[in-house]
Amino acid sequence: MRRPASRPSSDLNAGRPPSRLAGWLPAGLIVSSLALGTAGAACPGADFETRVEGHEHCLLMQRYGAAHPRTLVVWLHGDLPGGGPADYHLPLARETARRFEGRRVMSVALLRPGYPDARGEASSGSHLGRSDHYTLANVDELAGAIERLRARFNPASVVAVGHGGGAASAAILLGRHPRLLDAAVLVSCPCDLVLWRMGRRYWGRSENPIRWTAQVRRDARVIALTGGRDFNTTPELAQSYVDVLRARGVEAHFRMLPQADHDAAARSPEIQAAIGQLIER
């Protein structure tokens, strides 16, 4: 199938390659090189319960569910620009483990670089003021952490569930590290960064998820959910991303949550239903 022409309005990073590593590393080796590069150095207290090493930093986490999982579900929180701890996704991750207890699911809530938990501890690295921080460095920290979790627990598949900036990060991961994730649930995703930032401050450091669609595996599966009352990450941002994936033959679906706004979408029961759909095969 021919690659669809890119949309000029979505070309945030025109003039540079989609990956700084892709020119000299096969796609399947990118994550492995990241994960093995600093083993033990960045996170001496890593216990795969409350901490896991990324690429160069130590990320906080909480783990729930099966000790020997068939499916690993990794939750990524949103940007929380108003401040406060990044902990709203912890009960959601715990609910996933409870709901799918009989299906050998391990559910992990990761804290993105720089974000604190309710106790005042924080993942190392920087969230750059919780703004313009979907950088390659931050995405690769998540990739390193997920790769270590995958190597430690050896699941048959890995599903990412992201909300807001976590969804954008998951969408970038699908393209930048195509062998890392098998599926993703993208909730309230600003998946077309240029369209999202129109009329707002330009984000020049961040990767644009829609720019990575050409690198997404054809056998990956994606479900995008956005609230019909979301006036922040409006529905067309995820819909356009899904449309490009579908044009490439990727199994991708967009679903509207009619009554939900940006924050309510994160707690929608449709997320757990989408996870169940992705792990049932």
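**Entry 1: helix H6.** I started with H6 and looked up which of its residues are hidden: Pro235, Leu237, Ala238, Ser240, Tyr241, Val242, Val244 and Leu245 are buried. I kept in mind that this is a predicted model. Next I asked what covers the buried residues of H6. The cover includes helices H4 (165-176) and H5 (193-197), along with strands S6 (183-187), S7 (221-227) and S8 (251-257).

I also checked the length of H6. Its 13 residues, 235-247, should span 18 Å at 1.5 Å a residue, and the end C-alpha atoms are 18 Å apart, so the two agree. After H6 comes Gly249, and I noted its positive phi, near 95 degrees.

**Entry 2: two leucines.** I then looked at positive phi values outside glycine. Leu80 has one, at about 50 degrees. I found Leu80 in the loop between strand S3 (71-76) and helix H2 (89-99). Is Leu80 buried or partly exposed? Its relative accessible area is 22%, and buried would need under 20%, so Leu80 is partly exposed.

Leu128 also has a positive phi, near 55 degrees. I traced Leu128 to the loop between strand S4 (105-110) and helix H3 (136-153). Leu128 counts as partly exposed, with 34% relative accessibility.

**Entry 3: the sheet.** In which order do the strands of the open sheet stand? I read off S1-S2-S4-S3-S5-S6-S7-S8, eight strands with mixed pairing. S1 (51-53) and S8 are at the edges with a single partner strand each, so each has one side without a neighbour in the sheet. From one strand to the next, the twist averages 25 degrees.

I picked one pair to follow. S6 and S7 run parallel and are joined by five bridges. Val185 has Ile223 in S7 as its bridge partner.

**Entry 4: helices on the sheet.** I looked for helices lying across these strands. H4, already met as part of the cover of H6, lies across S3, S5 (157-163), S6 and S7, and runs at about 145 degrees to S5. Helix H8 (residues 269-279) lies across S3, S4, S5, S6, S7 and S8, at about 170 degrees to S7.

**Entry 5: the whole chain.** Last, I stepped back. I counted eight helices and eight strands in the protein chain. Of its 281 residues, 59% are buried. Among contacts with a separation of 6 or more, 75% come from residues 24 or more positions apart. The accessible surface comes to about 11500 Å², and 52% of that belongs to carbon and sulfur atoms.

Note on methods
Residues are numbered from 1 along each chain as its sequence is written. This is a predicted model: local features need pLDDT of at least 70, side-chain atom pairs count only at pLDDT 80 or more; totals for chains, interfaces and linings use all residues. Side-chain values use heavy atoms; hydrogens and water are left out. Helices (H or I, at least four residues) and strands (E, at least two) are DSSP runs, numbered from the N terminus. The expected span of a helix is 1.5 Å times one less than its number of residues. Buried means under 20% relative accessible area, exposed over 50%, partly exposed in between (1.4 Å probe, protein chains only). Contact means heavy atoms within 4.5 Å. Accessible areas come from the Shrake-Rupley method with a 1.4 Å probe; for residues, only the protein chains shown count as cover. Two strands pair if DSSP finds at least two bridges between them. Axes are lines fitted to C-alpha atoms, for helices over the stretch in contact, and angles run from 0 to 180 degrees between N-to-C directions.
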